[in-house]
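Colleague: Could you take me closely through one part of this model, namely the second largest pocket and what surrounds it? I should like a connected account rather than a list.

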Amino acid sequence: MASFILRRLLVSVLILIAASFVMYMMVAYSSDPLQALLGSNSPNKLQLIADLSRRLQLDVPPPLRWAMWLGGVAKCVIPFANACDLGSTVSNAQVVDILPTALASTLQLVTIALVVAIFLGVTIGIVTALRQYSGLDNTVTFVSFFLYSLPSFLIAVLLKEFIAIDFNDFLRNPIIPWWVIVAIAVVAGAIWQSLIGGDGRRRLTVFGISGVATGVVLWLMSMTDWFLHPGLGPVVVVIIVVGIVVGTTALIGGLQNRRTLLTAGINGAIAIVAYFALQPLFNISSAGTLFILSLVTLGVGMLSGYLVGGYDRAQNVKVGAITAVATGAFILLDRIMQSWPTYLNDTTGRPIATVGSSTPGLSGDVWVSTLDTFTHLVLPTAALLLISFASYTRYSRAGMLEVLNQDYIRTARAKGMPERTVIVRHAFRNVLIPITTLVAFDVGALLGGAVITEKVFAIPGMGNLFNSGLSRGDLNPVMGYFVIIAAMAIIFNFLADLAYAGLDPRVRVR
Amino acid sequence: MTTPVLADNPTMPETKAPESQGRLIFRRFLSNKLAVVSVILVLGIIIFATSAIGLGPIPGWWKYGYKDLNPQLNQGAPTLSLWPTWLGGKGFSFGEHPFGQDRIGKDYFAMTMRGIQNSFLVMIVLGVIASVVGVVVGAVAGYYRGTVDAILMRITDVFIVIPALVIGSVVGHWFGGLGALVLAIMLGFFSWMGIARLVRGEFLSLREREFVEAARVAGASDSRIIFKHILPNAIGVVIVSSTLIMASAILLETALSFLGYGIRSPDVSLGLLISSNESAFQTRPWLFWWPGAFIVALALLVNFVGDGLRDAFDPRHQRFSIRKMRESLPEPDEDQT
């Protein structure tokens with residue numbers, strides 16, 4: 001195992017060095033950092049040019065400069081020495097100093113987009129595979145083709161011009177027109193009836209119930225000014241918690257599995273108690289408190305599952321963890337929503353931002369700043385994840401269809417296993433294998449896509465660093481960007497290999 | 001699909017000649033309505049765009065060029081009318097500026113058509129170059145294996161580490177000023193890695209087959225075995241993946257032009273049109289909609305074609321259709337030729 005990791009890392013580092021050489025040469029020969037100065041008419045122009053040439057060592061031929069640059073990068077590997085040297089920009093800032101803030105902003109964007117895309121894409125892909133050639137499946141297939149063909153800059157500009165501005169306008173007078181309510185209700189009903197399936201009568205019932213329910217909820221939200229004072233409230237929180245408890249149990253253990261139901265129920269009860277007990281603590285919370293609370297939540301969930309035990313202890317631990325985290329997330333969501341009026345007030349009633357990664361000069365508690373990050377990130381993340389989402393949907397759908405045709409699935413069904421067990425335990429794990437490979441590729445695509453999204457939404461991230469660096473012919477920030485994204489691509493490829501070995505027992509790491 | 005013919009069946013006087021692989025695939029492709037319609041539409045758009053503004057020195061049928069400055073008419077609003085008269089519209093007419101005018105009065109129809117032309121040029125050139133380079137690298141690596149394979153595949157790894165958009169930006173920054181053709185050629189030289197990996201995989205398995213052995217025993221040279229014996233068997237992978245590369249080439253070119261590294265003004269690209277008119281979105285939305293719609297349409301259609309080709313080349317991917325099953329069961333004798 002250790003030798004495998006070492007070998008992989010060594011090869012990866014060599015590839016990274018070679019790729020950095022290619023990149024360095026291309027950028028160095030394609031651009032001239034003196035361009036801006038040559039056009040200036042300041043009196044000490046020659047002096048400035050000479051200074052810059054000396055500082056960036058422009059008289060040294062690029063291959064040699066690359067070697068010197070590589071030497072500076074190599075110092076980063078020395079632990080605790082803080083000797084990292086990635087060169088300086090044209091405007092004389094150290095790349096090492098500007099990289100971390102840019103990196104934080106981009107990582108936030110890319111990580112959220114990746115997680116959401118995987119979660120939604122895999123879920124929808126599997127569901128459509130189970131309802132193959134239904135109306136839902138055909139619609140999703142078409143939509144994913146469409147998203148594939150939609151350039152991300154187009155999505156980004158559309159989201160910025162439509163969703164952001166229209167939603168902000170809508171908040172001035174948050175009444176949903178009746179025809180929008182009807183349209184959404186019909187769509188929701190159509191989706192649910194396609195999901196649940198069955199014969200015509202059952203579909204019609206499902207369509208009616210879900211459509212009316214959606215319509216009524218939307219109407220209530222509209223009537224009670226919910227968009228100005230959102231929140232879930234105790235009743236809705238309890239309903240959601242019960243729903244999560246029943247849903248998780250039904251999905252993973254089956255409702256007749258009493259121990260699983262017990263685990264989920266314990267966690268649901270704890271969540272409801274915590275919802276009422278923790279509100280005073282939430283009011284004075286900081287980010288650190290929330291982090292500790294989420295760890296505690298995860299721990300309690302796993303511990304309760306472990307203590308309930310039973311013949312399938314691992315499954316109970318899993319159910320406990322999922323229930324605890326999901327219910328905890330909704331309790332947090334409720335608390336974040338309670339800060340919405342304050343935040344709305346701070347942003348003069350136009351909360352969805354189209355520029356930047358945070359409101360300048362905003363001061364508030366952890367809830368308001370979370371909302372601030374959310375309103376700034378929601379559109380860029382949406383723009384970024386749509387294409388990845390499409391590919392996850394298609395890959396997981398194809399993977400599920402292929403797996404369902406395998407002999408071991410037939411065996412599992414022939415043994416008399418419930419369909420739920422066949423899908424969740426036998427098929428799902430095998431669908432994840434090709435998805436892992438896709439994730440490794442996708443990270444590179446997302447980081448590339450961030451260049452465009454960050455330009456449209458003016459987010460000061462890595463993509464912006466690359467873009468402005470390249471257009472000015474500023475070599476060092478471009479290379480700094482490259483080092484980070486190439487390293488991330490390699491790390492994710494490596495993680496994918498490890499996940500492969502974990503998911504597929506036929507793969508043995510040597 | 002050929003049906004087995006019983007030799008002594010008196011009701012079947014004529015035996016059907018077995019179909020060649022190519023015809024079979026072609027017929028399978030034709031049975032995919034969506035893909036066929038997509039091919040026709042793509043060709044239609046290309047012919048329309050090219051004939052409208054002409055090609056190089058040959059003038060087209062549209063009266064304005066994409067560089068001409070015209071006086072502003074009606075705030076540059078589009079004059080295209082598609083609504084028939086019997087529905088209360090003005091009938092089908094182009095008007096003076098069907099797609100409107102941009103802020104300095106250029107005819108937007110001509111500009112959009114020029115953008116389509118450029119997108120198409122980049123798509124074809126990039127696709128062909130990436131396929132040729134990818135096939136050669138993959139074939140050599142897969143056929144010779146060993147050291148050659150190791151070296152070529154490590155080189156592939158080096159280029160694949162850099163995201164397509166990033167390397168595209170650098171290439172565009174370098175060559176974008178030299179025109180669409182040069183840009184497309186250079187981008188093609190940095191887009192071959194995926195095809196090379198696929199072709200190598202195919203060659204690694206095909207080179208162990210008996211027909212390769214037979215060709216080698218018969219004294220065929222390496223290049224003959226590679227190009228005459230193995231490549232035709234791997235052509236499905238090449239065609240499908242080069243079509244999909246072409247679809248992504250459209251998106252790559254428009255994205256690069258949007259960032260300012262692709263095709264530069266005064267030439268026109270669909271991405272450039274969107275980027276330069278982004279701020280005018282609220283006042284002149286048509287400056288945004290036309291190029292956006294054509295980018296999506298071109299990419300979507302080419303993706304459909306690629307998907308249709310994949311289905312045609314790989315029977316495992318073929319969709320199960322109850323209608324087709326019913327058709328094929330009762331009448332095994334029906335002939336479609």
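Modeller: For what follows, Ala, Val, Leu, Ile, Met, Phe, Trp, Tyr, Cys and Pro are counted as nonpolar, Asp, Glu, Lys and Arg as charged, and the others, Gly among them, as polar. The model is a predicted one. With that classification, the lining of the second largest pocket comprises 34 nonpolar, six polar and seven charged residues.

The volume of this pocket is about 2,200 Å³. It is lined by 47 residues, and those closest to its centre are A:Thr123, A:Ile126, A:Leu251, A:Val424 and A:Phe428. Seen by element, at least two lining residues each come from helix H5 (95-130), helix H6 (135-148), helix H8 (178-196), helix H10 (233-253), H13, H15 and helix H17 (419-457) of chain A. The greatest share belongs to H5(A), which supplies 14 residues.

The position of the pocket can be related to the domains. Chain A is assigned domain 1 (2-99 + 460-503), domain 2 (175-224) and domain 3 (233-348). Because domain 2 and domain 3 of chain A both contribute residues to the lining, the second largest pocket lies between them. As for domain 1 of chain A, its centre is 53 Å from that of domain 2 of chain A, taken over C-alpha atoms.

Several of the lining helices can be followed further. H5(A), for instance, is joined to H6(A) by a loop that holds A:Tyr133. This residue has a positive phi of about 65 degrees although it is not a glycine. Most residues other than glycine have a negative phi.

H8(A), another contributor to the lining, packs against helix H9 (residues 200-223) of chain A, their axes coming within 7 Å and crossing at roughly 145 degrees. The crossing of these two helices is right-handed. On the side of H8(A), the contact includes A:Ile181, A:Ile184, A:Ala188, A:Trp192 and A:Ile196, while H9(A) brings, among others, A:Arg202, A:Arg203, A:Val206, A:Phe207, A:Leu218 and A:Trp219. In this contact, 12 residues are nonpolar, seven polar and two charged.

H15(A) also helps to line the pocket, and its partner here is helix H7 (residues 152-172) of chain A: the axes of H7(A) and H15(A), the latter spanning residues 366-404, approach within 9 Å and cross at roughly 145 degrees. This crossing, too, is right-handed. From H7(A), A:Ser152, A:Ile155, A:Ala156, A:Leu159, A:Ile163 and A:Ala164 meet A:Leu379, A:Ala382, A:Ala383, A:Leu386 and A:Ile387 of H15(A). The contact of H7(A) with H15(A) is made up of 10 nonpolar residues, one polar residue and no charged residue.

Finally, H13(A), which supplies at least two residues of the pocket lining, leads to an enclosed space. The count comes to one cavity of 30 Å³ or more, and the largest cavity holds about 30 Å³ of space. Its lining consists of A:Asn257, A:Arg259, A:Thr260, A:Gly309, A:Tyr311, A:Asp312, A:Gln315 and A:Asn316. Helix H11 (258-283) and helix H13 (313-338) of chain A are the elements that give two or more residues to this lining. The lining of the largest cavity divides into one nonpolar, five polar and two charged residues, whereas that of the second largest pocket has 34 nonpolar, six polar and seven charged.

Notes: Residues numbered from 1 in each chain as written. Chains lettered and ligands numbered in written order. Predicted model: local features only at pLDDT ≥ 70, side-chain atom pairs only at ≥ 80, totals over all residues. Heavy atoms only, no water. Domains from an automatic or database assignment. Axes fitted to C-alpha atoms, helices over the stretch in contact; angles between N-to-C directions. Helix = DSSP H or I, 4+ residues; strand = E, 2+ residues; numbered from the N terminus. Left-handed = near helix turned anticlockwise from the far one by under 90°. Contact = heavy atoms within 4.5 Å. 1 Å grid on protein atoms, 1.4 Å probe; cavity = no way out; pocket = protein on both sides within 12 Å on 5 of 7 lines; lining within 4 Å. Points joined across faces, edges and corners; volume = space filled by probe spheres on them.
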